Amino acid sequence: MPALNVLTLNCHMGFDLLNRRFVLHELREAVRSVGADVVFLQEVMGEHAMHQKKHASWPDAPQYAFLADSIWSHSAYGRNAVYPHGHHGNALLSKFVIATHRNRDVSIHGHEERGLLHCEIDVDGTGHPLHAICVHLGLRESHRREQLRLLCCVVNDEIPADAPLIVAGDFNDWRARGHSLLAACGLREVFLEAGGRLARTFPARWPLLPVDRIYVRNLRATEARVLSTQPWSHLSDHAPLAARVAW
């Protein structure tokens, strides 16, 4: 049966840890080097007119399309935050066909715009679509609790119980208080299973807080890594997570 390499990364809008340098070109080379089949992206810009005027190297295409380039021939974008000069959200890049995708607004009114990007991917040789949900949750615990409840509703009500599923992204749950909610709907966190604790990913240069996760259902992880060394430590404020999952 097939296996997939998975990467999740908060892109920090294409800027470095301190928002001083535009590093999207370096980030693209680093993402390519991982050899991921499916890439989960958070805080990726679809458009930003002011930055485009300010930075000569700003790409003409949306950031997710620039990162995908010729490596990932299929992509989906979910716009979460919209402002006068542009918008950003979650994206998923895939080497396999994305059959369907839907972006769900899980924002709490009057606070940060957040979303769940749910894709169905046709992976060769499996016979069943792979469900992939790219997650970016709120900073307040009460907001995350409601957003996790909505996520569990999607998992329980809209995804077949025997379907392979990956849920990955920026959960902002540094106290791991939402983990039990996800475990209750059958999700297993790959770093917790592999090493007994959640991966520390924030801040990227000195990772202390476990805010990024990769959960699976009806899959098994055979490898799990935190990418916290150079060049990753200066390409975002989050360290990426990489895993290999198999059927």
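Strand 3 (residues 74-83) and strand 4 lie side by side in the antiparallel sense, paired over nine bridges. Two strands count as paired here if DSSP finds at least two bridges between them. Strands themselves are DSSP runs (E, at least two residues), helices are runs of H or I with at least four residues, and both are numbered from the N terminus. Strand 3 and strand 4 make a hairpin, with two residues between them. If you want one pair to look at, find A76, whose bridge partner in strand 4 is L92.

Before going on, a word about what you're looking at: this is a predicted model, where local features need pLDDT of at least 70, side-chain atom pairs count only at pLDDT 80 or more, and totals for chains, interfaces and linings use all residues. Residues are numbered from 1 along each chain as its sequence is written, and side-chain values use heavy atoms, with hydrogens and water left out.

Strand 4 has another partner too: strand 2 (residues 38-48) runs antiparallel to strand 4, joined by eight bridges. There, E47 has H87 of strand 4 as its bridge partner. How many of the residues of strand 4 are buried? Nine of its nine residues are, so to speak, under cover: strand 4 (residues 86-94) is mostly covered. Buried means under 20% relative accessible area, exposed means over 50%, and partly exposed is in between (1.4 Å probe, protein chains only).

**The open sheet**

Now for another part of the chain. An open sheet of six strands has the order 5-6-7-8-10-9, with mixed pairing. Strand 5 (97-105) and strand 9 (188-189) stand at the edges with a single partner strand each, so one side of each has no neighbour in the sheet.

Here are three of the pairings in this sheet, each with an example of residues that stand opposite each other.

| Strands | Direction | Bridges | Example pair |
|---|---|---|---|
| 6 (residues 115-122) and 7 | antiparallel | seven | L116 and V135 |
| 7 and 8 (residues 165-170) | parallel | six | H136 and D170 |
| 8 and 10 (residues 212-217) | antiparallel | six | G169 and R213 |

Why is strand 7 (residues 130-136) described as largely enclosed by the rest of the structure? Because seven of its seven residues are buried. In a regular strand the side chains alternate between the two faces of the sheet. You can follow that here: L130, A132, C134 and H136 point one way from strand 7, while H131, I133 and V135 point the other way, and all are buried.

**Some unusual spots in the loops**

Most residues other than glycine have a negative phi, and most peptide bonds are trans. This chain has a few exceptions worth finding on screen. A cis peptide bond joins F202 and P203, with omega about -10°; P203 sits in the loop between helix 6 (190-195) and strand 10. Another cis bond runs from Q230 to P231, with omega near 0°, and P231 is in the loop between strand 11 (220-226) and strand 12 (241-246).

For positive phi, try the loop between strand 8 and helix 5 (179-184), where you'll find N172. Phi of N172 is near 55°, and at 8% relative accessibility N172 counts as buried. A176 is also in the loop between strand 8 and helix 5. Its phi is near 60°, but at 27% relative accessibility A176 counts as partly exposed.

One more proline: P62 lies in the loop between helix 2 (49-54) and helix 3 (63-68). P62 counts as partly exposed, at 26% relative accessibility. Leaving aside residues up to four places away in sequence, P62 touches M45 and G46, where contact means heavy atoms within 4.5 Å.

**Zooming out**

So what does the whole chain look like? There are six helices and 12 strands in the chain, and buried residues make up 55% of its 247 residues. Along its principal axes the C-alpha trace spans about 50 × 40 × 35 Å. Of the contacts with a separation of 6 or more, 70% are between residues 24 or more positions apart.
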